[in-house]
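Please open the model in your viewer and keep the selection box handy. We will go from stop to stop, picking out one piece at a time.

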Amino acid sequence: MNPLQQLRAAGQSIWLDYIRRQLLASGDLRRLIEEDGLSGMTGNPALFDKVIAGSSDYDEALRGILLASPDARAIDMYERLALDDIRMAADRLRPVYDCENGCDGFVSLDVPPTVARDRRATIAEARRLFRAVDRPNVMIKIPATPEGIPAVEELTAEGINVNITLIFSLAQYEAAAQAYLRGCLLYT
């Protein structure tokens with residue numbers, strides 16, 4: 001048996017910290033899911049910057065955006081491309097999500113780093129991104145900053161899937177876990 005499948009059989013989720021349009025379009029992602037037991041993915045702004053700028057995968061999509069909106073801002077083009085990739089990845093992982101009754105098969109996406117120190121802005125961006133992706137198996141990454149911890153509680157209480165990131169201490173871990181649990185208790 002494939003070693004990754006062995007890990008999966010032992011109850012370990014296998015996630016890929018990488019998303020790229022070619023991976024989604026080529027069938028390679030489907031193979032990773034079916035043959036290697038891939039059960040989740042995560043993307044981040046630095047990763048998307050690298051794959052958008054460093055490949056021709058996005059050239060056609062960028063041309064289409066610029067033809068439709070010649071004055072499009074770089075951040076808006078990035079977000080459109082990233083959201084499209086996140087949706088495609090979520091669609092490919094949806095069978096895992098369904099098979100695991102919503103306990104796996106997620107794709108995660110960061111709130112913009114510019115809001116990491118603003119609780120209200122973090123919550124607003126997480127809500128906006130969750131609605132924009134419009135897939136039940138998307139997670140929104142929230143940093144475990146002092147401002148992010150209360151955002152985790154509020155978003156979890158609303159039923160928004162969160163992936164808490166940038167945990168560098170036991171105190172941060174405990175605060176994040178408590179915020180998540182309080183949010184679960186408040187979920188309606």
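Start by selecting helix α8, residues 148-157. In this predicted model, 7 of the 10 residues of α8 are buried, so the helix is largely enclosed by the rest of the structure. To see which ones, colour Gly148, Ile149, Ala151, Val152, Leu155, Thr156 and Ala157: these are the buried residues of α8. What do the buried residues of α8 pack against? Show α7, β4, β5 and α9 (170-186), and you have the elements that they pack against. Before leaving, click on Gly159, which follows α8 and has a positive phi, near 90°.

**The sheet**

Now hide the helices and display the strands. There are 5 of them in an open sheet, ordered β1-β2-β3-β4-β5, and the pairing is parallel. Which strands stand at the edges? Select β1 (14-16) and β5 (162-165): each has a single partner strand, so one side of each is left without a neighbour in the sheet. Turn the view to look along the sheet, and you can follow a twist that averages 30° from one strand to the next.

Next, bring back α6. This helix packs on the sheet and touches β2, β3 and β4, while its direction makes about 155° with that of β3.

**Strand β3 and its partners**

Zoom in on β3, residues 106-110. Is this strand mostly covered or mostly open? Mostly covered: 4 of its 5 residues are buried. Add β2, residues 38-42, which pairs with β3 in the parallel sense over 3 bridges. For a landmark here, pick Met41, which stands opposite Val107 in β3. Then add β4, residues 138-143; β3 and β4 also pair in the parallel sense, over 4 bridges. The landmark for this pairing is Ser108, whose bridge partner in β4 is Met139.

**Helix α6 and its helix neighbours**

Select α6, residues 74-99, and keep it on screen for the next three stops. Two packed helices are described by the angle between their axes and the distance between the axes, and we will use both.

First, add α3, residues 28-36. The axes of α3 and α6 come within 10 Å and cross at roughly 20°. The two helices are therefore roughly parallel to each other, and their crossing is right-handed. Show side chains for Leu29, Arg30 and Ile33 in α3, which meet Ala89, Arg92, Leu93 and Val96 in α6. By class, this contact holds 5 nonpolar, no polar and 2 charged residues.

Second, swap α3 for α5, residues 59-68. Here α5 and α6 pack at an angle of about 130°, with their axes 11 Å apart. That angle makes α5 and α6 oblique to each other, and this crossing is right-handed. The residues to display are Ala61, Leu62, Ile65 and Leu66 in α5, together with Met77, Arg80 and Leu81 in α6, which they meet. This contact has 6 nonpolar, no polar and 1 charged residues.

Third, select α7, residues 119-133. The axes of α6 and α7 are 10 Å apart, and the helices pack at an angle of about 60°. α6 is therefore oblique to α7, and passes it in a right-handed crossing. From α6, show Glu79, Leu83, Ile86 and Arg87; from α7, show Arg128, Leu129, Ala132 and Val133; together these make the contact. They divide into 5 nonpolar, no polar and 3 charged residues.

**Two loop residues to finish**

Go to the loop between α6 and β3 and click on Asn101. Its phi is near 50°, a positive value in a residue other than glycine. Is Asn101 buried or exposed? At 70% relative accessibility, Asn101 counts as exposed, because the cut-off for that class is over 50%.

For the last stop, go to the loop between α7 and β4 and find Asp134. Phi of Asp134 is also positive, near 55°, and this residue too is not a glycine. Asp134 has 57% relative accessibility, so it counts as exposed.

Conventions
Residues are numbered from 1 along each chain as its sequence is written. This is a predicted model: local features need pLDDT of at least 70, side-chain atom pairs count only at pLDDT 80 or more; totals for chains, interfaces and linings use all residues. Side-chain values use heavy atoms; hydrogens and water are left out. Axes are lines fitted to C-alpha atoms, for helices over the stretch in contact, and angles run from 0 to 180 degrees between N-to-C directions. Angles under 35 degrees count as roughly parallel, over 145 as roughly antiparallel, 65 to 115 as roughly perpendicular and the rest as oblique. A crossing is left-handed if the near helix is turned anticlockwise from the far one by less than a right angle, and right-handed if clockwise. Contact means heavy atoms within 4.5 Å. Ala, Val, Leu, Ile, Met, Phe, Trp, Tyr, Cys and Pro count as nonpolar, Asp, Glu, Lys and Arg as charged, and the others, Gly among them, as polar. Buried means under 20% relative accessible area, exposed over 50%, partly exposed in between (1.4 Å probe, protein chains only). Two strands pair if DSSP finds at least two bridges between them.
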